[in-house]
Structures are given as C-alpha cells and as structure tokens.
Amino acid sequence: MWAAQVLWGSLGLLRIAWCLLPQAGYLHPDEFFQSPEVMAEDVLGLEVYRPWEFLPSSPLRTVLFPLLTTGSVFWLMELLDKLGLWPGAISSYTLLVGPRLVFTALSFTLDWGVYRVAPLWGADPWQALVLLAGSYVTLVFYTRTLANAIEGLLFMWLLVLVSPGTDGKLSPRLGGHSWLLGAVVAAGFFNRPTFLGFAFLPLLFWSSGRTTVVPLSTKALVRSMLELLPGATLVAALFVAADTWYYSSRLGLGPRLVLTPVHFLSYNLDPQNLAQHGTHPRLTHLAVNGVLLFGVLHVAAVMGAWKVLKESLASVARLQAPWTFPDKRTVLLLFYFVPLALLSLFGHQEPRFLVPLLGPLTLFSSQKGRGVSPWRTASVILFNVLGALFFGCLHQGGLVPCLSHLEQSIHAPAPNGQPSHYTLLFSHTYMPPRYLLGLRGQEPPVEVIDLGGAESQAFCQTLDQLASQPICDIAGGDRLCRIFVVIPGTAREAAAACPFSLRNEMRVFPHLTLEDPPGLSALLSSRWRDSLGLYILEVGERREQRPF
C-alpha cells in the first residue's frame with residue numbers, strides 16, 4: 001500500500017507540474033472556444049472569435065460554468081494587475097495556464113470520489129487511485145477547459161451519492177442527500193444535456209434501493225424522482241437566471257427566458273446538423289474511441305461484459321431472472337456500457353464524449369482479489385505514456401507556442417519607432433484561439449485570418465490579395481506592413497510555390513496535424529523534424545515568375 005500511495009502522490013505532482021509547464025498539445029477547439037475564448041472578451045475585453053454557440057441568435061451553451069471557472073480566474077488576474085499586486089499578470093502564459101490550473105485542482109475531486117467509493121464497490125482504493133492518476137485521460141483531458149471534464153466530475157460525484165453502503169444495504173435516506181443528488185443531475189444537464197445518459201442507470205440503481213438496476217415498482221421510481229425535484233429545481237432556476245441575464249441583458253438578446261439545454265437538444269437531434277460536424281459508424285465508440293482513451297482497460301471491460309452476457313443468456317435459458325440482484329462488478333459494467341450505448345445512438349462520435357466513463361471503468365478494473373499480470377501492467381504503462389505524449393505534446397502541439405511567440409512579437413516595442421500592422425494567416429491548423437494574443441483593440445492593429453484546410457491555390461490567392469491591397473494605408477499612417485503565415489511542415493512546400501519570398505521566423509517542434517499528416521517516407525528521411533514542425537513564416541517581396 002505504501003508504494004501505491006507514493007506512486008499516486010508522484011502522479012498527482014506530475015499532473016500539477018505538467019499543467020504549469022504547460023502542456024502544448026491542442027485536443028480540440030472546444031477546449032478554448034467554449035470557455036476561455038468567450039470569457040476573455042466578457043471579462044478582460046480582449047479581441048476574440050466568439051463561437052456561434054454563445055451568440056444571442058443560438059444560445060446553446062450555459063455561461064455559468066465558464067463564469068465560475070475561467071471567468072473568475074480572469075477577473076482575479078485583472079484585479080491583481082490593476083492593484084499593482086501582480087504587474088503584467090495578463091500574458092499568453094497566464095491566460096492559458098490560469099483556467100487549466102482551476103480544472104487541474106477540480107480533477108483531484110475525481111480522485112477523492114474514486115477513493116471514497118472504491119471499498120463500497122469491492123475495489124482496492126489505492127490501486128484504483130493509481131489507475132486513475134496514471135491514466136493519460138486524467139493527465140490531459142481532465143486538466144483542460146472542456147465541458148466533458150466537468151461532465152466527468154459531476155458523473156463521479158453522482159456515483160458517490162448513489163453508491164451502496166458497506167453492508168450492501170440501503171443507507172439512511174436524508175432529505176439533504178436527495179436534494180444534493182437532484183442538484184448534481186440538474187447541473188450536469190445544463191452543462192451538457194448528454195449527462196442524462198450517464199445519470200440514467202445510476203439513478204435507477206439509487207431509486208431501487210441500491211440493490212438492483214431494475215426499479216422495484218413504478219410507485220417507488222416516481223417517489224424517488226420526486227425527491228430529486230427540490231434540488232434540481234433550485235439549481236435549474238439558478239442556471240436559467242444566469243443564462244437569461246447573460247444572453248438577454250449582456251448580449252442584447254432582448255427580454256426572454258433562455259433555456260440553453262433546449263437549444264442544445266434542438267440542434268443536436270437534427271441529423272443534418274450533426275452531419276456538418278462529421279458522421280461516424282454507430283460502433284465507433286465501442287470499437288475505436290474506447291480503445292483510444294482507455295486501452296487495455298476498455299478491452300478488459302468488453303470481455304467482462306461478454307462473459308456477463310453469456311451467463312445472463314444461460315440464466316434466461318434456465319428460466320431464472322438474471323438482473324434482479326446483479327453483483328457489483330456487473331453494475332459497474334452497466335454504468336460503463338449503458339452511457340456508451342446511448343451516446344452511440346448519435347452519428348457524431350468523438351473520443352472526448354467518453355471521458356466521463358473513466359470513473360466506473362477504474363473501479364471495475366481495480367476489483368479486489370483479481371491478479372494483475374506483469375504483461376497487463378506493462379501494457380497499461382506504455383499505453384498511457386504514449387497517449388500522454390501524443391495528446392499532451394504532439395497533437396497540434398506547435399499552435400499554442402506559436403501564438404505565444406506572436407503575442408510577444410506584436411507587443412514588443414516597434415522597430416525604429418515605426419508602427420506596424422500585423423496580418424496573421426493560419427493554414428492547416430486547428431482554429432487559433434485569439435485571446436492568447438492579448439489584443440485589446442489598441443495599437444498595433446492585428447488581423448487574424450484562419451484558412452483551415454484550404455488548398456494551396458486558395459492559400460496563394462489569399463496571400464496575393466493581402467499583398468496587393470493597401471492594408472497599412474487603410475489602417476492609417478505610415479505603417480510597416482507585416483504578414484506572418486503559420487503553417488505545418490507538411491504544407492510548407494505548397495506555400496513555397498506561391499510567388500512570394502517566405503522568411504523563416506520560427507519553427508516549433510513537435511507538431512502533428514492528423515488532417516494533413518506527414519508521409520512515411522518523410523518521417524524516415526533525415527529531415528523528419530521538418531515534417532513534424534509548425535512554422536511561422538514572414539511574407540516578403542513578390543518574386544518574379546519565370547516564363548515557361
């Protein structure tokens with residue numbers, strides 16, 4: 001046990017240290033554009049790209065969680081800066097790490113929840129904690145400003161509230177307990193309405209007296225659900241009030257009640273809307289995303305579920321009732337696979353949607369009395385090391401450092417006292433979060449253009465337009481017009497084909513763009529680092545094109 005405690009403590013320190021380092025990997029645009037990008041404008045007044053989900057015309061996202069996490073950090077940073085207690089508190093580093101540090105601190109409540117309920121589910125507490133803290137999902141996903149991370153924390157807290165007593169019988173039901181349970185369900189629903197898919201089976205388990213996943217009676221089920229209403233209603237009212245104030249008063253929507261979950265469901269239940277974000281086979285979560293996130297633990301859970309299914313079918317053949325009093329391992333499997341199955345009903349399936357399932361999977365994988373083979377231990381370690389390096393360092397890993405470099409260049413003293421006008425052109429990268437540039441609409445003027453995965457012809461046409469139009473004259477005054485291109489190494493040759501000289505300003509290594517990955521021959525060549533780099537190139541004079 002002592003060794004497990006030391007290992008968990010070391011992994012916890014790693015979680016904090018890696019947050020402060022910081023992690024350079026870029027998981028998904030939502031980690032920036034559903035919280036810090038929005039709060040940077042609302043709290044700090046920075047120039048940002050406001051996502052459509054936070055526009056008055058389509059209020060899909062609640063503002064309360066971003067305000068309580070990222071917004072509070074930004075407000076504190078600005079206050080310390082104004083009071084002179086922390087001069088220069090607002091920088092690309094603090095804007096990035098501050099909100100992440102809050103999520104990292106909250107992630108330790110996940111550890112607390114697992115430790116609290118592990119004995120109640122027949123799991124070894126310290127083995128469960130080591131599995132949890134050593135998972136790259138905890139190290140990377142739970143330390144980012146993702147709504148999925150909040151969903152995972154709320155799901156774990158829900159499992160704490162519905163877990164059985166140590167004697168396997170129903171613990172005394174206190175009124176406050178039901179209120180708290182209802183509050184967690186409502187908060188999870190407003191954060192992401194998909195939370196109901198995670199909460200569905202735990203609530204049935206709780207309503208039936210924590211002994212079965214099948215309600216004892218319809219009357220008992222209705223009575224239990226009614227017990228949740230006071231807490232759920234109170235928290236729902238708080239979210240509705242906050243969202244109505246934000247979208248109606250602050251963003252000018254007008255006097256009307258704003259129910260963000262209704263808009264969320266209305267949008268996501270339309271298959272045409274989901275198709276715009278990409279459609280996947282229904283088995284993607286089961287066959288791909290579960291393995292991608294949890295590795296051998298997911299495979300072991302699938303094998304365990306298959307074994308339980310065969311035993312249940314055999315029980316049915318013997319005219320027995322297989323689900324009346326399932327053991328705790330079976331219930332944990334149901335807590336894992338039922339949400340996975342419900343999420344699989346939707347055509348758009350991303351790995352981060354399964355992040356909340358880490359809690360029950362950890363409890364299932366650390367059951368007492370189960371021997372752990374050296375092969376499994378080695379495979380778990382290797383899988384999580386590779387996952388942490390890939391998602392924490394390599395995946396789109398150059399974009400955030402490039403933005404930090406550009407932020408310093410933009411706000412540096414003008415060369416020879418001549419003011420500049422900056423144009424930043426991003427191509428073949430994820431959406432650049434503008435707030436990391438620290439722009440407040442003052443000097444110097446900066447224009448950010450995101451071309452996404454545009455073809456080389458469109459890229460060259462954009463450069464030609466930018467170079468031909470009098471950008472600096474439009475801005476006013478005698479300005480030095482500077483155009484920077486941010487592009488991965490895999491697309492640099494296409495950029496070099498444009499009729500402009502490109503000066504290498506900076507290369508960030510490593511950076512991998514899965515949408516435009518390097519070929520195997522490039523990775524095996526002596527210039528493999530160039531293919532795994534993200535470049536900042538300054539556009540120079542137009543080159544004369546040679547006649548054919």
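**Inside the cavities**

In this predicted model, α4 provides the largest share of the lining of the largest cavity, three residues. That cavity is a good place to start.

How many cavities of 30 Å³ or more does the structure hold? There are three. The largest has a volume of about 140 Å³. Its lining is made up of 14 residues. Closest to the centre are Gln34, Phe65, Pro66, Ala147 and Asn191. Look next at the elements around this space. Two of them, α4 (64-82) and α8 (147-162), give two or more residues to the lining. The lining of the largest cavity is mixed in class: seven residues are nonpolar, six are polar and one is charged.

Now turn to the second largest cavity. About 70 Å³ of space lies there. Which residues line the second largest cavity? Leu131 and Ser135 do, along with Leu293, Phe294, Val296 and Leu297. Val380, Phe383 and Asn384 complete the lining. The elements that give two or more residues here are α14 (284-294), α15 (296-317) and α18 (374-394). Of the elements, α18 gives the most, with three residues.

What classes of residue does the lining of the second largest cavity have? Seven are nonpolar and two are polar. No charged residues appear in this lining. In the largest cavity, by contrast, one charged residue is part of the lining.

Key. Residues are numbered from 1 along each chain as its sequence is written. This is a predicted model: local features need pLDDT of at least 70, side-chain atom pairs count only at pLDDT 80 or more; totals for chains, interfaces and linings use all residues. Side-chain values use heavy atoms; hydrogens and water are left out. On a 1 Å grid over the protein atoms alone, a cavity is a set of points where a 1.4 Å probe fits but cannot get out, and a pocket is an open set with protein on both sides within 12 Å along at least five of seven lines; lining residues have an atom within 4 Å of a point. Grid points are joined across faces, edges and corners, and a volume is the space filled by probe spheres set on the points. Helices (H or I, at least four residues) and strands (E, at least two) are DSSP runs, numbered from the N terminus. Ala, Val, Leu, Ile, Met, Phe, Trp, Tyr, Cys and Pro count as nonpolar, Asp, Glu, Lys and Arg as charged, and the others, Gly among them, as polar.
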